[in-house]
Structure formats: C-alpha cells, structure tokens
Amino acid sequence: MIYRILTIPDKKLRRKAEPVKEITDEIRKLAEDMAETMYAAPGVGLAAPQIGANLRIVTIDVAEEGQPAQLLTLINPEILEKRGQTSMEEGCLSVPNYFEEIPRAEFVRLRYTDLEGVTHEIEAEGMLAIAAQHETDHLDGKMFIDYLSSLKRVSAQRRVNQWNKEHSYAGTDYVER
Ligand code: NI
C-alpha cells in the first residue's frame, strides 16, 4: 500500500519519533508499505515521519539506475560515529522541487535492527552514508533545509508551495493508533 507523503510545513515532520519496541507483523507491513511508497515516489530514502508515522523506521535504496534493488530497512537506526567531510546536492520527498548542497560526514558507523530483529553495525560511505544521515535526521524532526540559511529555507518553502499547486502525492493517509 502506498501512503501519502507529507510536505513541509507539516508539523508531523517535526516530531521526535518513538523507538520501535518490538518487530511485530504490523511493523513489518508498515516497513514494506514504506518501501513501496519510496519506490513509487520515486525516492532513494524515506523515513516513517514522512508518511505521518511517529516511529524510528527508515527505508533506503541507493542502487544506481539499471542496477538491482538494494533495499535496506533500518529499525531504530543510530549513527555511532561520523568521519570526514563531503557534500552532495540533496533533495527530499517532503521538500519537492528543491535541491541544495548540504555538508555531511563522508563515513558513518551505523547501528540498526533489521526486520528479523537482528542488530547490525555497518560502516557506510558515499551515497549510503549521506542517505543514512539525511534519513536519521528525519527521525529527530530535522530536515535537510535546516542546514541552510533562513533565506534559502524561505525559498524552499516557496518552491514547495508552488509544487503543491500543481501536484500532489497520491496515497492513503496514515492513521495513527
Ligand atoms: Ni528527506
């Protein structure tokens, strides 16, 4: 099932998401629906707050076009360590129509639990490191535009308002329980 993606300035994007306490069938289904929503958008990453679910769940797939899918589902992801500096032009499904270069760490050590309940610790670099930082920020109510000047943030909101006049994300509204 595809969920409707929220755009700024929706307040649900600004909450600190709750840890997943137990990986139930409901959580597995939600993660599956998040992946479907991400691929349909299309995007390379999606965090649960972006569909209005206040949970620490992220889906990422940074496989290049034409390459096989490499879906990563991260439950309760935590960045343990950051090293180096890099930057890339980033976008966000919740800030459609706006792209900007954002400074990020080049390498991250990331801990997360998978859908089987197994905890992993991995070293990520490149696109995956950037996506991991961007998406875990979402779980703390932080958006990539927060790294920019207030002038650029105003311009981002204007671009989103413009986009919203002509487009909208299809999908079911997530109902919190
Ligand atoms: Ni985003």
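1. A good place to start is Tyr 174, which counts as buried because its relative accessibility is 14% (buried means under 20% relative accessible area, exposed over 50%, partly exposed in between, with a 1.4 Å probe and protein chains only). Tyr 3, at 8%, counts as buried too.

2. Before going further, please note that this is a predicted model, where local features need pLDDT of at least 70, side-chain atom pairs count only at pLDDT 80 or more, and totals for chains, interfaces and linings use all residues. Residues are numbered from 1 along each chain as its sequence is written, and side-chain values use heavy atoms, leaving out hydrogens and water.

3. Searching the whole structure gives three aromatic pairs (ring centres of Phe, Tyr or the six-membered ring of Trp within 6.5 Å; planes under 30 degrees apart are stacked, over 60 edge-to-face, the rest tilted). One of them joins Tyr 3 and Tyr 174 edge-to-face, 5.5 Å centre to centre with 70 degrees between the planes. These partners are 171 residues apart in the chain.

4. Another pair, Tyr 98 with Phe 144, is tilted: 6.4 Å between centres and 45 degrees between planes. Tyr 98 is buried at 5% relative accessibility, and Phe 144 is buried at 2%.

5. Do look at the nickel ion: its protein donors are Cys 92 (SG), His 134 (NE2) and His 138 (NE2), at 2.1 to 2.3 Å. Donors are N, O and S atoms within 2.8 Å of the metal (3.2 Å for Na, K and Ca); water is not among the atoms, so sites may look incomplete. Along the chain, the donor spacing reads C-x41-H-x3-H. Both His 134 and His 138 are buried.

Key: Helices (H or I, at least four residues) and strands (E, at least two) are DSSP runs, numbered from the N terminus.
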